[in-house]
Amino acid sequence: PVRLPGGAAAVVVLAVFFVCFELTYEILYDLRDLDGDRAAGVPTYPVVHGPRRARQIIDALLLASAASLTFGVALGWLGLREGLMLAAPLVQFLFYRPRLSRGLTRDDCITLTHLGTALLVFFLLGNAAWRAAGLPENIVLGG
């Protein structure tokens with residue numbers, strides 16, 4: 001079993017990370033579907049608040065997800081292993097921002113989803129290889 005140095009606090013930090021990060025996908029997909037949602041009267045963030053505000057919400061959620069992990073690692077509630085997940089909001093930001101000005105496409109959203117999956121697989125396989133090599137379970141700052 002995986003042990004988190006911060007116990008319940010670590011679980012809360014990870015929950016904040018994942019909820020914020022997951023919501024960014026939903027809003028990005030809503031940006032892709034803006035015209036159809038607007039025509040159908042579906043009250044998504046981009047329809048209600050506009051694309052500019054939706055982008056600001058996405059950026060704030062990505063920042064919140066990264067900040068939660070950074071906070072958890074800095075306080076020693078999470079180890080560096082969990083801190084590796086900071087790559088996910090960074091990759092998502094670097095992928096979506098240049099494409100936003102031309103409008104997100106179906107293929108962009110599919111690629112973004114697969115990038116997230118690939119990062120998770122890399123994280124899991126990396127952890128398995130780390131353990132197989134007999135390295136420490138985790139590295140905790142200040143621990």
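**Gln-92 and helix α7**

Reader: Which residues does Gln-92 touch, not counting residues up to four places away in sequence?

Author: Contact here means heavy atoms within 4.5 Å. Residues up to four places away in sequence are left out. In this predicted model, what remains for Gln-92 is Phe-21, Thr-24, Tyr-25, Leu-28, Leu-62 and Leu-112.

Reader: Is Gln-92 buried or exposed?

Author: Residues are numbered from 1 along each chain, and side-chain values use heavy atoms, without hydrogens or water. Local features need pLDDT of at least 70, side-chain atom pairs 80 or more, while totals for chains, interfaces and linings use all residues. Gln-92 lies in helix α6. Its relative accessible area is 1%, so under the 20% limit (exposed is over 50%, partly exposed in between; 1.4 Å probe, protein chains only) Gln-92 is buried.

Reader: How far apart are the end C-alpha atoms of α7?

Author: Helix α7 has 27 residues, 106–132. The expected span is 1.5 Å times one less than the number of residues. That gives 39 Å for α7, and the model agrees: its end C-alpha atoms are apart by 39 Å.

Reader: What covers the buried residues of α7?

Author: The buried residues of α7 are Asp-108, Cys-109, Leu-112, Phe-123 and Asn-127. Helices are DSSP runs (H or I, at least four residues), numbered from the N terminus. The cover over α7 includes α1 (8–32), α5 (80–83) and α6 (87–100).

Reader: Which residue with positive phi follows α7?

Author: Look just after the helix α7. The phi there is near 80 degrees. The residue is Gly-134.

Technical notes:
Helix = DSSP H or I, 4+ residues; strand = E, 2+ residues; numbered from the N terminus.
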